[in-house]
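Biologist: I'd like a close look at one part of this protein: its salt bridges. Walk me through who pairs with whom, and how open those residues are.

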Amino acid sequence: MPRPWPRSLAGQMALLVALALFAAQAINLALILRDRAAFRLAQATRPAAVRIADSLDRETAGRPLRPDRGRVRAMATSPITPAMQSRDDLAAELVTQLAEQNVPQRRVQVSIARIEQLRPHFSRARTHAHGEVIVIAVQQPAGRWLVMTAPWSRGDARLFWRLLAQTLILYVVVLLPVLWVARRISRPLRELATAARDYTPGSSAEPLPLHGPPDVQDVTAAFNALRLRVGAMLDEKDRMLGAIGHDLRTPLAALRVRIESVEDEQDRARMADTIGEMNRTLDDILSLARLGRPSEPATEVDVVALVDAVVEDFRDLGADVRFDDDARVTMRLRPSLTRRAVRNLIENAVKYGGTAEVRIVPQPAAVAITVADHGPGIPAERLEDVFDPFTRLESSRNRDTGGIGLGLALARAIVREARGDITLANRAEGGLEARILLPR
């Protein structure tokens, strides 16, 4: 399951900032609610304590409290019932406020009730919009109850919606600049990643423009410089390989001339084969080293005609190679390199299987070239190993049982340079099938 996490730099920065803003606003809301709860406790109890103390003072002055009228009423029993919502926190705060006003009490009860629950004594009590009041009952030492009511506001909905609107405004004010900055940073980084993926040795691509923040510009400039250094190193490598090839072919050519003076025809033939094998090995090594910077341009090629020409070369040498001609298939390839890859596969099939069966299978998005033989095959666990340079299943290094292990490595390197691939598979009826898949 993919994780719900943005992959882009801009998305990750925006998400982190959004989470940070959300956490900050949540902490802010918790602090505000705590302070507001403390303020509401004081707001509900302090005026009540002052009003009760003032009523007792007026009663001492000759204005007795009555049970049926007045802000503070004197009753024989408490009007608070178990059906009402008890608020012990308000009661505890009220005890503190009454002590500050020097009002003696035996017991204090505070509850939240609807006006219907207080009838008939407080049918005209002031209520909040949702019809709830706070009921305060203070029992004096003599047993009489002092009762009063006040409006009670239950919710903090307005505060919540105000903070939500503030959070949304913060998101707009903060996230939009963050997204702009992140995109300004990520755009040159995406261009740099694309240039690195598309980089081909020897290509004459223009240097990437330097834009974005200074740190990103430094990375782009370093990539441009690195590309120049890599190109210079590859040019030097090509010059060195050319010199090595020339220096090695010159004594091989001299040896080829000298063996003509050998009188024994069998010895002379063996020497010529050895020199030819050395030349082919040298060609394979140089070709493998130069791949990635091919000098041959890609052209429109008839794949069927190309493969047929390779097959005919083997038939001229007396090899048993069968080819099923198909309709014309045209692709853009480097013909010499592709011909060499097909030749290496057919040569392996003839060498180890005695025969080779070549087919071309056109597909909607690619063209498959298969070369099958009737040889012993390859152990399944070694099918990939044989593509490594200088790897052979037969370790004697006898050239009669195989080359030096560059044929398949060179073939795969050529095909992958054309954005294709080579795979090997053992056939159910025996033998091995090599498959070149070239994208159209």
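Modeller: Let's fix one term first: a residue is buried under 20% relative accessible area, exposed over 50%, and partly exposed in between. Keep in mind that this is a predicted model. D421, at 28% relative accessibility, therefore counts as partly exposed. Its side chain meets that of R416 in a salt bridge, 3.0 Å from N to O, and R416 is partly exposed as well, at 44%. In general, side chains of opposite charge can pair when their charged atoms come close.

Searching the whole structure turns up 14 salt bridges. One of them joins E357 to R322, with 2.8 Å between the closest N and O atoms. That pair ties together distant parts of the chain, since E357 sits in strand β9 and R322 in strand β7, 35 residues apart. E357 is partly exposed at 24% relative accessibility, and R322 is partly exposed at 38%.

The two strands also pair with each other, in the parallel sense, over five bridges. Along β7, the side chains of D320, R322 and D324 point to one face and are not buried, while V321 and F323 point to the other and are buried. There's a wider web here, too: D320, R322, E357, R427 and E429 are linked in a network of salt bridges.

Another pair is R382 with D385, whose closest N and O atoms are 2.9 Å apart. R382 is partly exposed at 27%, and D385 is partly exposed at 28%.

Conventions
Residues are numbered from 1 along each chain as its sequence is written. This is a predicted model: local features need pLDDT of at least 70, side-chain atom pairs count only at pLDDT 80 or more; totals for chains, interfaces and linings use all residues. Side-chain values use heavy atoms; hydrogens and water are left out. Buried means under 20% relative accessible area, exposed over 50%, partly exposed in between (1.4 Å probe, protein chains only). Helices (H or I, at least four residues) and strands (E, at least two) are DSSP runs, numbered from the N terminus. Two strands pair if DSSP finds at least two bridges between them. A salt bridge is a side-chain nitrogen of Lys or Arg within 4 Å of a carboxyl oxygen of Asp or Glu.
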